[in-house]
Amino acid sequence: MSEVPVLTLDGPSGSGKGTIASRVARTLGWHLLDSGALYRLVALGAARRGIPMEDEAALADYALQMDVVFEVQPDSGEVLAKLDGEAVGDAIRTEQCGNDASKVAALGPVREALLQRQRDFRRPPGLVADGRDMGTTVFPDAGLKIYLTASAEVRAERRYKQLKEKGISASVADLFREIAERDARDTERRSSPLKPATDALVLDTSSLDINQVVDQVLEQCRERFDVNVR
Ligand SMILES: Nc1ncnc2c1ncn2[C@@H]1O[C@H](COP(=O)(O)OP(=O)(O)O)[C@@H](O)[C@H]1O
Ligand SMILES: Nc1ccn([C@H]2C[C@H](O)[C@@H](COP(=O)(O)OP(=O)(O)O)O2)c(=O)n1
């Protein structure tokens, strides 16, 4: 078993995983795995190559050989992805790409193809891994597992504000429907469905702000890991 400590943050869309994972990883000085970005990159790369979303074998093959580089921006901490040598920008952040990612992620062979790539992110001094099955399947021996959640209404409202800030128009009602559909697909699939690990700490963030969630997660990290953070 690897000695490198891992914190897993799993949960449904809009629960705050990405935001909290990036803040906590920066504070701890640990590496970051945005596993959802990998599924989004499979969906984007496959669409660009004309691979049909039903062709499991071709999708898994692409997931195995796609060339992905994540570059952390030193100032903002923002992570930029390069796929097959090209910066993808916001193309992987659209709701369409998220929905396509959720579809390719339901395919067992695609999940299998991404498993080792995700585990390779575990490097000293530690890893914060964000996704759906980080605590259940990818890092079952993680030292701390947190399952973030929030009501679907709150999550749709957060997504609405996030899109508005980016200048993208959307309706809360459509976002709510998409979130409910994605929740259903992610929790009902057979291969590594979205659910809290039996040893995960469940944190409902519906009435917490970002700083409150970061503080609670860091508090748990201080208790579980040999870290010295304020
Ligand atoms: N606890 C929170 N309170 C309010 N807004 C939040 C909270 N956590 C995240 N957000 C905001 O909600 C949006 C979605 O968060 P994000 O981290 O992308 O979620 P996820 O990765 O789970 O889909 C972002 O705009 C983020 O700033
Ligand atoms: N570990 C993971 C991460 C993401 N997925 C799938 C399921 C999700 O609906 C999509 C997109 O994930 P992502 O975390 O980027 O999406 P959100 O930011 O939560 O909306 O990928 C997965 O099945 N397993």
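## A tour from the open sheet to the two ligand shells

Begin by selecting β3 and strand β4 (residues 79-83), which pair in the antiparallel sense over 5 bridges. The model is a predicted one. Within this pairing, display Glu71, which stands opposite Leu80 in β4. Strands of a sheet pair through backbone hydrogen bonds, either parallel or antiparallel.

Next, extend the selection to β5. The 3 strands form an open sheet in the order β3-β4-β5, with antiparallel pairing. At its edges are β3 (68-72) and β5 (86-87), each of which pairs on one side only.

**The whole chain**

Now zoom out to show the full chain, which contains 9 helices and 8 strands. Along the principal axes, its C-alpha atoms fill a box of roughly 50 × 40 × 35 Å. The radius of gyration of the chain is 17 Å, which agrees with the value near 17 Å for a compact globule of 230 residues. Colouring by burial would mark 40% of the 230 residues as buried. Of the contacts between residues at least 6 apart in sequence, 75% join residues at least 24 apart.

Select residues 8-222 next. UniProt, in an unreviewed entry, places the feature "domain: Cytidylate kinase" on this span. The span is 50% helix and 16% strand, and its end C-alpha atoms lie 15 Å apart.

**Ligand 1**

Centre the view on ligand 1. Which residues come nearest to ligand 1? Of the 15 residues around the ligand, these are Gly16, Gly18, Thr19, Arg158 and Gln162. The elements that give two or more residues to this shell are α1 (17-28), α7 (152-165) and α9 (210-224). Select α1 in particular, since α1 gives the most to the shell around ligand 1, with 3 residues. Colouring this shell by class shows 3 nonpolar, 9 polar and 3 charged residues.

**Ligand 2**

Move finally to ligand 2, which is surrounded by 15 residues. The closest are Ser13, Gly36, Ser102, Ala105 and Gly131. Two or more residues of this shell come from each of α2 (35-49), α4 (95-104) and α8 (172-188). Which element gives the most to the shell around ligand 2? Highlight α2, which gives 4 residues. By class, the shell around ligand 2 has 3 nonpolar, 7 polar and 5 charged residues.

Note on methods
Residues are numbered from 1 along each chain as its sequence is written. Chains are lettered from A and ligands numbered from 1 in the order in which they are written. This is a predicted model: local features need pLDDT of at least 70, side-chain atom pairs count only at pLDDT 80 or more; totals for chains, interfaces and linings use all residues. A residue is near a molecule or strand if its C-beta atom, placed from the backbone, lies within 6 Å of it. Ala, Val, Leu, Ile, Met, Phe, Trp, Tyr, Cys and Pro count as nonpolar, Asp, Glu, Lys and Arg as charged, and the others, Gly among them, as polar. The radius of gyration is taken over C-alpha atoms; the globule rule is 2.2 Å times the number of residues to the power 0.38. A residue is buried if 20 or more other C-beta atoms lie within 10 Å of its own, exposed if 12 or fewer, and partly exposed in between; C-beta atoms are placed from the backbone. Two residues are in contact if their C-beta atoms, placed from the backbone, lie within 7 Å. UniProt positions are given in the numbering used here, feature names are shortened, and annotations may be inferred rather than shown by experiment. Two strands pair if DSSP finds at least two bridges between them.
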